[in-house]
Amino acid sequence: MDAAALAALELPAIVDRLATFASTDYGVTLVRELIPSSDPATVAHRHDLTSAAVSVLAGDAAPELAGIRDVRNAAERSVRGGLLRPEELRAIAVSVRVALEAKRALREPVLAALIESLDPGLGGLADEIDRRIEEDGSDVRDSASPLLRKLRN
């Protein structure tokens with residue numbers, strides 16, 4: 001579709017409105033990258049996703065996504081052996097908990113399939129972060145390790 005056709009369909013206004021509902025900056029980016037498709041399978045899949053989302057929202061069954069953050073950069077840095085700041089670790093813990101709760105609560109099969117691969121074992125990671133990082137993500141707790149406690153005393 002050319003730009004004039006998309007403008008006539010008011011796609012930019014629809015995308016702008018949809019972006020206001022995104023829970024993360026990454027979600028906003030994904031919305032802004034949306035373009036119509038002429039592939040029947042893609043159109044059908046997107047229609048199924050939209051219908052499922054409307055059904056979940058209409059039934060007040062949408063999982064709460066408050067607190068979820070885009071932690072991809074921190075996770076990638078961690079995989080490469082990089083250090084993470086306490087606030088990044090806290091964001092990971094919160095995001096893991098929110099995602100696991102969404103997986104538990106989401107019953108709509110089309111949407112549940114999107115997070116099916118989410119490993120419930122990540123809850124243990126969130127627990128470890130909770131034990132070692134301050135609630136507000138400001139610092140590492142004194143109790144994170146015996147050595148740290150001793151050094152700080």
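Here is a walk through a few spots in this structure, which is a predicted model.

Let's start with the inside. The largest nonpolar core is made up of eight residues: Ala74, Ile92, Ala93, Val96, Leu100, Ala126, Ile129 and Ile133. Two elements give two or more residues to this core, namely helix H6, which runs over 86-105, and helix H8, which covers 122-132. Of the contributors, H6 gives the most, with four residues.

Now look at how those helices meet. The axes of H6 and H8 come within 9 Å and cross at roughly 140 degrees. If you care about handedness, H6 passes H8 in a left-handed crossing. On the H6 side, the residues that meet H8 are Leu89, Arg90, Ile92, Ala93, Val96, Arg97 and Leu100. Facing them from H8 are Leu122, Gly123, Leu125, Ala126, Asp127, Ile129 and Asp130. Zoom in on Val96, a member of the core. Setting aside residues up to four places away in sequence, Val96 touches Leu122, Gly123 and Ala126.

Stay on H6 for a moment and find Glu88, which lies in that helix. Is Glu88 buried or exposed? Its relative accessible area is 11%, so Glu88 counts as buried, the cut-off being under 20%. Which residues does Glu88 touch, if you skip those up to four places away in sequence? They are Ala74, Arg77 and Leu83. You've met Ala74 already, as part of the largest nonpolar core.

Next, move along to Arg141, in the loop between H8 and helix H9, the latter spanning 146-152. Arg141 has a relative accessibility of 21%, so this residue counts as partly exposed, because buried means under 20%. Leaving out neighbours within four places in sequence, Arg141 has quite a list of contacts: Arg90, Asp130, Arg131, Arg132, Ile133, Glu134, Glu135, Leu148 and Arg152. Two names there should ring a bell: Arg90 is among the H6 residues that meet H8, and Asp130 is among the H8 residues that meet H6. For a sense of distance, try jumping from Arg141 to Ala13. These two are 128 residues apart in sequence, and their C-alpha atoms are 46 Å apart in space.

Finally, a word on rings. How many aromatic pairs does a search of the whole structure find? The count is zero. Still, Tyr26 is worth a look, since there you can see a charge over a ring. The charged end of Arg72 sits over the ring of Tyr26, at 3.5 Å from the ring's centre.

Notes
Residues numbered from 1 in each chain as written. Predicted model: local features only at pLDDT ≥ 70, side-chain atom pairs only at ≥ 80, totals over all residues. Heavy atoms only, no water. Core = buried A, V, L, I, M, F, W, Y, C linked by side-chain atoms within 4.5 Å. Buried < 20%, exposed > 50% of the residue type's maximum accessible area, 1.4 Å probe, protein only. Contact = heavy atoms within 4.5 Å. Phe/Tyr/Trp six-rings, centres within 6.5 Å; stacked < 30°, edge-to-face > 60°. Lys NZ or Arg CZ within 6 Å of the ring centre and 35° of its normal. Axes fitted to C-alpha atoms, helices over the stretch in contact; angles between N-to-C directions. Left-handed = near helix turned anticlockwise from the far one by under 90°.
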